[in-house]
Number of protein chains: 2
Amino acid sequence: MTNIEKTDEIFQHFEKYIKLSSLLRKELANRIVLKSFKKGELIHNADTICKKSYFIQKGLIRTYFIKDGKEITEYFSAENEWVNSPRSFIQQQLDIYYLDALEQSECLCLNLQDLGFLFDHFPEMERYARLSMGTVFGHYMDRITSMRFTTAKEKYQHFCETYHEIYHRIPLGMVSSYLGIAQETLSRIRAEK
Amino acid sequence: MTNIEKTDEIFQHFEKYIKLSSLLRKELANRIVLKSFKKGELIHNADTICKKSYFIQKGLIRTYFIKDGKEITEYFSAENEWVNSPRSFIQQQLDIYYLDALEQSECLCLNLQDLGFLFDHFPEMERYARLSMGTVFGHYMDRITSMRFTTAKEKYQHFCETYHEIYHRIPLGMVSSYLGIAQETLSRIRAEK
DNA sequence: CACAACTTTTGACCTACATCAAAAAATCAT
DNA sequence: ATGATTTTTTGATGTAGGTCAAAAGTTGTG
């Protein structure tokens, strides 16, 4: 099977930030591996250092950690986004985050060595990483603002807006831990209109 | 005046992430401009697109925005950190953030064109940006966790830990808006021990 | 040094949301 | 399907921390 079809979306994603030379396309395509995950499958375990980064072609992945024995959602990642355990992957150290698939998911997987090769030989890859992190950064700033100064209801509305493609695909309890509000409160909010 | 003395800290900062060639050192030193700000001085106004990035050698800078007529602190930046209006600077668009000096401050200033030149000619600068953003990213993740699941008291304790070099240099009202708690509540927390 | 302008503290009251508990509904496995 | 497990809803109650208001303390300035 040629790699051409399966790399469409990811190439488009790169080209939001940089121009892809045909050589870089080839090198990327050679290194990307398609991985499928079943619903509920654990993708990354916090007891290991994260060695892989996943570009989601289809599906929904949750990043979570354990606090007082309960799973707390850090965020959700969906189509056309990269997901990994960020600090673990970047700094190659342990971190608290687990990843699992909330739906049957298809991911393009790039491992650390291959990514390192690309960074070493294609400065535009470094640029891509820098610029795309800038985008994510902005989302984080918005989220922090939303956490600080909004009621539970506004938090939920903000969530539905930012995740409007996927919010209905996620169990209530995971949303409530993501927002930092009690599941009962979220249930009541949803009931009222 | 030669540039050598004044670039010590910033070079050290770069070298946490990359090796600086002597050529890059020279190019950096030629482009860096020392800027002083008086206490209270506005460094960046939200009505303009951010064109400069500041590395703080000495002093304390606040990033804030206006909500309902009140200044809300986004974060504080101190010695050996870069500060700018991130989305505005990276994407060259307007954003809501203002920067001002909470103390008399000395900054090494690098403007967008010069930084662009360095990114274009020194791939290791791209790498530096990517890696150092990774560090800041981790702090943001921690902060979001702290916002969601902690009492006001714990938030303040977490703040004192992460900002332990500077927390006593910051007016109470600015800390309370940073933490998203009422100034009166913070005052009571501080009183109790 | 005295008056003005902030900043912080203290007090009284109130509400949004957490917690605990149990019922209802949905999902899953045999 | 049908009982078991998981998820969501509903109800009752408690409290952390918000809001409003005023006093006390601090800092700056002519």
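The following exercises, with worked solutions, concern a predicted model of two protein chains and two DNA strands.

Because the model is predicted, local features require pLDDT of at least 70 and side-chain atom pairs count only at pLDDT 80 or more, whereas totals for chains, interfaces and linings use all residues. Residues are numbered from 1 along each chain as its sequence is written, chains are lettered from A and ligands numbered from 1 in the order in which they are written, and side-chain values use heavy atoms, with hydrogens and water left out.

**Exercise 1. Symmetry of the protein chains**

Determine how chain B is related to chain A.

Solution. Step 1: superpose the copies by least squares on the C-alpha atoms of residues with pLDDT of at least 70 in both. Step 2: read off the operation, which is a turn of 180° with a shift of 0.0 Å along the axis, leaving an RMSD of 0.0 Å. Step 3: the two copies are therefore related as by a two-fold rotation axis. Step 4: locate the axis; in chain B, the C-alpha nearest to it belongs to B:Arg130, at 2.4 Å. Step 5: compare the contact residues (contact means heavy atoms within 4.5 Å); 100% of those of chain B recur in chain A, so that the same surface serves both copies.

**Exercise 2. The surroundings of DNA strand D**

Identify the residues and helices that lie near DNA strand D, and describe their polar contacts.

Solution. Step 1: count a residue as near if one of its heavy atoms lies within 4 Å of the strand. DNA strand D is surrounded by 17 residues, the closest being A:Leu172, A:Arg188, B:Ala152, B:Ala182 and B:Thr185. Step 2: divide the strand atoms within 4 Å of the protein; 51% belong to sugar or phosphate and the rest to bases.

Step 3: list polar contacts, which are pairs of N or O atoms within 3.5 Å; within protein, one atom must be able to donate a hydrogen and the other to accept it, and residues adjacent in sequence count only if both atoms are side-chain atoms. Polar backbone atoms of A:Leu172 and B:Ala152 stand 2.9 Å and 2.6 Å, respectively, from a phosphate oxygen of DNA strand D. In the side chain of B:Glu184, an N or O atom is 3.1 Å from a base nitrogen of this strand.

Step 4: assign elements, taking helices (H or I, at least four residues) and strands (E, at least two) as DSSP runs numbered from the N terminus. Two or more residues come from each of helix H7 (172-179) and helix H8 (183-191) of chain A, and from helix H8 (183-191) of chain B. H8(A) gives the most, with six residues.

Step 5: classify the residues, with Ala, Val, Leu, Ile, Met, Phe, Trp, Tyr, Cys and Pro as nonpolar, Asp, Glu, Lys and Arg as charged, and the others, Gly among them, as polar. The surface near DNA strand D holds six nonpolar, six polar and five charged residues.

**Exercise 3. The packing of H2(A) on H4(A)**

Describe the relative orientation of helix H2 (residues 22-31) and helix H4 (residues 112-121) of chain A, and their contact.

Solution. Step 1: fit lines to the C-alpha atoms, for helices over the stretch in contact, with angles from 0 to 180 degrees between N-to-C directions. The two axes come within 10 Å and cross at roughly 170°. Step 2: apply the angle classes (under 35 degrees roughly parallel, over 145 roughly antiparallel, 65 to 115 roughly perpendicular, the rest oblique). H2(A) is therefore roughly antiparallel to H4(A). Step 3: name the contact residues, which are A:Leu24, A:Glu27, A:Leu28 and A:Arg31 of H2(A) and A:Asp114, A:Phe117 and A:Leu118 of H4(A). Step 4: by class, this contact has four nonpolar, no polar and three charged residues.
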